[in-house]
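Colleague: Could you walk me through how some labels on this structure were reached?
Modeller: Gladly, let's take them one by one.

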Amino acid sequence: MLDAFFKLKEHGTDVKTEVIAGVTTFLTMAYIVFVNPSILALTGMDFNAVFVATCLAAALGTGIMALVANYPIALAPGMGLNAYFTFTVVKGMGVSWQIALGAVFISGIVFLIVSLFKVREAIVNAIPHSLKLAISAGVGMFLAIIALKNAGVVVASPATLVTLGDIHSPTTLLAIFGFFLIIALEYRKIHGSIIISILAVTAASIAMGLSEFKGVFAMPPSMAPTLMQMDLAGALNVGLLGVVFVFFFVDLFDTTGTLIGVSHRAGLLDKDGKLPRLKKALLADSVAITAGAAMGTSSTTAYIESAAGTAVGGRTGLTSLVVAVLFLLALWFSPLAATVPAYATAPALCYVAVLMTRGLAEIEWNDLTESAPAVMTALAMPFTFSIADGIAFGFISYAVIKLLAGRFKDLSPAVLVIASLWIVKFAFFH
């Protein structure tokens with residue numbers, strides 16, 4: 001039955017290989033059930049409710065990817081998008097988390113529409129390659145500064161904005177060790193490096209009396225504090241259109257890039273280098289985004305960690321189905337999630353930052369009209385503490401520099417429109 005449904009023989013795989021691949025993928029991305037609630041809880045959202053929403057949104061999106069699109073790609077609330085939700089929208093703009101959830105929900109509806117009507121391809125193809133790379137790198141740098149702050153490595157300074165924290169602090173030293181541990185395990189190709197590091201730092205913290213052990217197993221907590229709490233009317237405010245745009249925009253490139261990247265490594269692209277059943281794959285993402293917002297979590301996206309599963313042979317949706325089941329089982333681990341301190345998850349954010357910033361290597365550094373806007377994009381995100389402002393700086397600088405340099409042919413109508421919209425936003429709504 002499994003062979004017939006998932007076409008295992010056709011893809012050169014079997015049940016055992018797919019199950020191992022699913023477990024491998026889950027172990028590499030299970031950190032999100034600890035990290036996502038800890039980030040969103042800073043907005044005032046209930047930690048346990050977000051934990052449940054995280055597990056369910058991941059299970060739902062990954063399950064649809066498995067059963068509808070038949071791809072070995074897992075989904076979960078996205079890193080970077082949760083940071084934008086918390087630090088830029090709620091804390092930075094003073095918007096309630098209910099309105100922020102409304103913006104996520106609307107972005108999911110927009111994502112669904114552009115996926116169904118093939119608008120996605122036109123948008124993606126119109127954006128300069130250098131800006132796509134820079135946005136990914138900038139989000140990575142944004143995660144890095146959040147991680148360094150949570151770890152106590154950097155602290156605020158009235159003289160220099162930021163400065164070195166107390167590196168003699170046991171919690172800071174544990175966070176630094178956690179990062180070193182992840183890198184060493186990854187280099188040795190040991191799957192589950194991030195979750196191993198989080199649990200190791202948490203165990204050491206408990207042993208040293210720095211944090212409290214709250215248990216491992218329990219019945220799943222109530223999702224009532226966040227369920228259907230999104231404020232759609234508030235999210236439709238003109239001043240929040242830019243927020244909806246960023247949620248949509250970042251997730252669009254994140255998902256598309258991940259789908260193509262993982263599928264390429266797994267040999268799942270067709271002879272033209274395109275992904276068959278792309279519409280179905282994007283359907284899984286857009287449904288997970290809207291359902292996740294309704295349950296109480298930030299945007300869900302495809303995870304690059306899925307490549308760990310394809311590396312050990314995962315080729316079909318059976319791999320994803322195993323991941324979805326494991327996310328459902330994770331619902332019974334809420335006490336363990338509540339035990340994990342912020343400095344134990346900080347190394348995971350730093351490691352994700354390392355992965356995301358490597359895209360800068362592909363920028364055309366010999367062409368200043370490409371490299372300068374890319375650098376502006378990447379640097380603006382951590383230094384303005386805003387993914388949205390970084391994207392805005394990138395598009396505006398790209399358009400203006402190209403115009404002044406006489407490189408009119410490099411500018412697509414989409415870039416000019418997006419740059420103009422950001423200028424209007426800064427002029428009248430900032």
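What follows is a short exchange about a predicted model.

Colleague: Why is M1 called exposed?
Modeller: M1 has a relative accessible area of 85%. Exposed means over 50%, so M1 earns the label. M1 is found in the segment before helix 1 (2–6).

Colleague: Which residues join M1 in the nonpolar patch on the surface?
Modeller: The patch is formed by M1 with L2, V15, V19, V23 and L27, and together they have about 500 Å² of accessible area. Helix 2 (residues 15–29) gives the most, with 4 residues.

Colleague: And what makes Y31 count as buried?
Modeller: Its relative accessibility is 1%. The cut-off for buried is under 20%, so Y31 is buried. Y31 lies in the loop between helix 2 and helix 3 (32–40).

Colleague: What is Y31 in contact with, leaving aside neighbours within four places in sequence?
Modeller: Its contacts include M79, I194, I195, I198, Y303 and E305, as well as A348 and V352.

Colleague: How do you know that the buried residues of helix 20 are on the same side?
Modeller: In helix 20, the buried residues are V415, I418, A419, W422 and K425. They cover an arc of only 120° around the axis, which means they sit on the same side of helix 20.

Colleague: What does the face turned away from that buried side carry?
Modeller: That face of helix 20 carries the exposed residues P413, L421, A427 and F428.

Conventions
Residues numbered from 1 in each chain as written. Predicted model: local features only at pLDDT ≥ 70, side-chain atom pairs only at ≥ 80, totals over all residues. Heavy atoms only, no water. Patch = residues over 30% accessible without salt bridge, like charges linked within 9 Å, V, L, I, M, F, W, Y side chains within 5 Å. Areas by Shrake-Rupley, 256 points an atom, 1.4 Å probe, with all protein chains shown as cover. Salt bridge = Lys/Arg side-chain N within 4 Å of Asp/Glu carboxyl O. Helix = DSSP H or I, 4+ residues; strand = E, 2+ residues; numbered from the N terminus. Buried < 20%, exposed > 50% of the residue type's maximum accessible area, 1.4 Å probe, protein only. Contact = heavy atoms within 4.5 Å. Arc of directions from axis to C-beta.
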